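Visitor: I have a model open and want to learn to read its features. Where do we start?

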Amino acid sequence: MERLTLRESGIFAQLSLRPPAQSVNKHFLLKPMTAAPHLPANELTTSTRARGCVCVACSCSRVVLNAWPNLSILCIVYKIYRSDRWPALVPASRTMDSASGRKLLGFRQIAQEKLQHVFYSIPSEKDLIIEPALIKPLEHVCGASWLRKKGIDKIFKFDSKNPPPKRKQFVYLITSSLLTFKSVLDQISGYQSQTSSMMEPDIRNKQYHVLVLPSVLASFEHLLEEEGLHGIVELYNFQWDFLLLDESLLSLELPNVFADVFVRKDTTPLGSIAQSIRIFNLVMGKPHLVFSLGENAEKILHMVQRMEAAKRPNVVGKDNAAGKVDQPEKEPEYSAMLILDRDRDYPACLLTPVVYCGLLLEIQPLNSGSLAVDGECNKIKNGKLAFLQEQGAAAASKQQETTSLRMSGAQDMIYLEHRYRHFSEVISLLSAQAKALGLEGKAYTREMKLHEMKEYVTLKLPKVAAAKKELFKHLRLCETIVEEIGANFEKHQMIEESILTNTNRKQIMNYILELLSSDAHRYNTLRLICLYHVTIGLTGEDMTRLMTGYLNAFGYRHLSLFHSLFQARLFPDTTNLSKTKILSQISIPTLKTPFQIEANKLKQLPTDANDTATTATTPTTDRDGGLTGGVQSTGGGSVAAGGKTCPSYVFNGNYIPLVTQLTNLIFAASSFDNLNTRLGHLERLKVSGRLLTASGQPGDHTQCAPRSIKELSASSHKVALNQLLPFKEKTMFIFIVGGITYAEIAACHLLERTIGAKIVLSSDRIIAGHDLIESVVNC
């Protein structure tokens with residue numbers, strides 16, 4: 001029997017995990033390769049002798065994980081990558097029936113192995129203390145029973161004021177917030193002061209372990225030393241990568257990425273995002289073409305390339321007598337990848353959506369796909385002035401309990417049916433369902449026979465009761481939407497359309513000033529101001545009036561937030577106010593703003609002035625491949641019933657999200673020259689991928705740096721790119737840095753069905769315009 005060791009250049013070395021400190025034997029216990037065919041031959045060397053044991057990914061996980069847990073993830077990553085050989089690796093879901101869908105479910109197993117790796121490195125039983133914001137995301141990784149099997153005795157919610165009783169070892173799971181970490185260290189210092197001062201702490205058996213999501217910052221190490229706890233507390237990096245929230249919808253659930261990256265200009269979170277995208281490439285295969293639009297998206301691609309160059313896996317090679325021969329790489333699951341910065345398309349986040357799932361996020365907070373259903377509090381009430389909140393609270397007659405709604409088609413069939421519908425359709429359909437359930441509940445009659453009564457009570461009645469309970473949640477949410485948004489919704493939509501088309505500026509300013517004086521909202525009013533600046537541009541005089549109105553409503557302590565908005569390019573520079581005021585007196589009439597010029601090039605404004613002469617009732621594609629219309633609009637820009645034929649329906653026919661239009665243009669390109677004609681004017685749109693190697697040869701694995709489409713059109717890669725396009729399979733993975741909205745998700749879902757594509761969307765968080773502005777205000 002031979003001992004088989006994992007080489008550091010293998011695929012598992014990509015996951016940046018190390019064996020536990022307590023492990024003495026650092027070799028895997030495996031059967032010969034004939035008994036473990038799922039492992040690539042080049043990952044193992046027969047250097048020394050070994051004891052026989054099967055692989056952890058096959059059967060006995062606990063034995064081998066105690067020796068070296070890394071192999072478990074190696075096998076899982078490779079088996080997910082080669083899932084055509086292992087179709088039963090992940091249980092099939094009713095919403096994820098394809099091979100790529102099953103691979104998406106495999107990210108949960110990788111996250112479990114990472115967490116298990118940490119737990120097994122901590123001997124004996126331990127208690128887990130979780131930051132409240134991480135409870136919901138952790139539910140997508142594992143459950144309480146799984147944690148108990150890994151040595152977790154009790155689970156506590158972290159509370160800096162009420163620490164749990166000290167019983168045994170503590171494992172903290174927190175985000176990378178310095179204030180939260182300071183609270184944890186204060187709590188640990190309190191536990192240490194309770195112990196006898198005569199006893200020195202045993203550094204070899206540390207009692208406190210802190211898992212930081214997504215990574216441990218350098219300031220944590222300095223603070224740990226300042227608090228005198230160095231050597232007592234052990235720090236761990238932990239990242240669960242992509243969480244599957246819904247069909248073809250992934251999220252990293254990383255907090256404050258937009259505020260850190262776009263406001264504070266702190267690029268630390270980009271490293272964690274790049275690491276997750278690299279894991280995605282390992283599991284799914286690297287796409288042929290990778291598009292990036294935005295400064296931060298380009299930085300992420302550079303990080304991914306450096307990581308892959310430093311630790312390049314070779315999962316397809318085989319050892320033979322003549323040496324190692326590389327076989328052709330497996331075809332990737334997704335032909336293209338698109339990484340987009342949030343600041344490249346602010347209107348898609350700042351506009352008010354009309355789809356059901358988008359409006360749900362406008363009124364209630366979302367945490368990892370779980371929406372709070374609270375009849376007393378919502379985003380609209382909480383953002384208004386104090387006296388308006390008290391008035392609303394006094395009007396509430398009875399208190400309702402707070403529940404949650406899982407925004408997942410696999411968990412809620414009502415949500416699955418209505419999530420991407422126009423809200424006007426949802427109300428009537430839910431009313432019809434309520435009437436049908438009412439008739440079903442009244443099906444009981446005295447004339448029933450005994451066995452019919454028994455069947456009704458045991459089978460039908462519980463299902464009807466459960467369906468009524470779920471339907472009641474949706475009816476409560478619809479009622480809240482109508483009460484909080486419905487009264488002013490039509491006028492608000494007309495103002496947003498005027499902002500997009502650069503018409504009726506005086507009416508827009510009067511509407512915003514009226515809101516600030518009579519019905520000011522801390523975030524939504526500011527959201528409309530930011531939309532005005534992004535699309536039209538604020539003059540110095542208008543900027544002064546709006547700032548004064550906002551500060552008079554909410555207090556001059558918010559003066560600094562306008563600088564934060566300027567950092568995120570959502571507001572003009574307030575430091576040059578006097579200079580701007582002088583320039584604003586010179587009136588230069590412009591027919592098109594820079595935003596409109598750019599949006600018209602990409603055909604994102606179906607309701608623009610140049611399209612008002614004709615209205616279409618079916619989706620049309622111009623000769624450049626862009627979606628130009630397809631929404632029958634009335635005077636107020638409303639979509640006709642059943643007019644869900646163009647992605648712009650998510651904003652009442654006013655705007656097509658940039659991510660949707662870019663995806664459509666890429667898939668519709670008949671050649672690379674055709675793609676250059678459509679998107680060559682976007683200088684920040686860079687292209688890379690497995691097809692673009694440094695030498696241009698198929699066997700070369702050295703990736704060239706991302707380059708613009710115009711640069712590639714004049715390079716030696718043009719021939720290969722023309723052969724690749726159009727894509728044989730229209731499959732794309734999309735990641736938006738800074739948060740994705742449900743309006744963009746719904747628009748891409750419609751495009752997916754229209755052109756027969758497969759699109760997987762992901763981001764660091766799912767947000768609404770309210771959440772974007774709130775993160776800037778609280779920055």
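Guide: With burial, on a predicted model. At 0% relative accessibility, Phe-220 counts as buried, because the cut-off for that word is under 20%. Phe-181 is buried too, with a relative accessible area of 0%.

Visitor: How do I describe a pair of aromatic rings?

Guide: Use two values: the distance of the centres and the angle of the planes. This structure holds 22 aromatic pairs. Take Phe-181 and Phe-220: the centres are 4.3 Å apart and the planes lie at 0°, so this pair is stacked.

Visitor: Which parts of the chain does that pair link?

Guide: Distant ones. Phe-181 belongs to helix H6 (residues 178-194), and Phe-220 to helix H7 (residues 218-226). The two residues are 39 apart in the chain.

Visitor: What about Phe-280 and Phe-733?

Guide: They form a stacked pair, at 3.9 Å centre to centre with 25° between the planes. Planes under 30 degrees apart count as stacked, so 25° qualifies. Phe-280 sits in helix H9 (residues 268-284) and Phe-733 in strand S19 (residues 731-737), so the pair ties together parts 453 residues apart in sequence.

Visitor: Are Phe-280 and Phe-733 buried or exposed?

Guide: Both are buried. They also belong to one aromatic cluster, together with Phe-107, Phe-242, Tyr-334 and Phe-735.

Visitor: Which residue lies over the face of Phe-170?

Guide: Lys-166, at 5.5 Å from the ring centre.

Visitor: Now the sheet. How do strands pair?

Guide: Through backbone hydrogen bonds, either parallel or antiparallel. Here eight strands form an open sheet with mixed pairing. Read the order as S8-S9-S20-S19-S13-S10-S17-S18.

Visitor: Which are the edge strands?

Guide: Strand S8 (243-246) and strand S18 (707-708). Each pairs on one side only.

Visitor: How many bridges join S9 to S20?

Guide: Three, and the strands run parallel. S9 covers residues 249-251, and S20 covers residues 758-763. One bridge to look up: Leu-250 has Ser-762 in S20 as its partner.

Visitor: What does helix H25 touch on the sheet?

Guide: Helix H25 (residues 658-668) packs on the sheet, touching strand S10 (289-293), strand S13 (336-341), S19 and S20. Its direction makes about 150° with that of S19.

Visitor: And which strands does helix H29 touch?

Guide: Helix H29 (residues 742-755) packs on the sheet and touches S9, S19 and S20. The direction of H29 makes about 170° with that of S20.

Methods:
Residues numbered from 1 in each chain as written. Predicted model: local features only at pLDDT ≥ 70, side-chain atom pairs only at ≥ 80, totals over all residues. Heavy atoms only, no water. Phe/Tyr/Trp six-rings, centres within 6.5 Å; stacked < 30°, edge-to-face > 60°. Helix = DSSP H or I, 4+ residues; strand = E, 2+ residues; numbered from the N terminus. Buried < 20%, exposed > 50% of the residue type's maximum accessible area, 1.4 Å probe, protein only. Lys NZ or Arg CZ within 6 Å of the ring centre and 35° of its normal. Pairing = 2+ DSSP bridges. Contact = heavy atoms within 4.5 Å. Axes fitted to C-alpha atoms, helices over the stretch in contact; angles between N-to-C directions.
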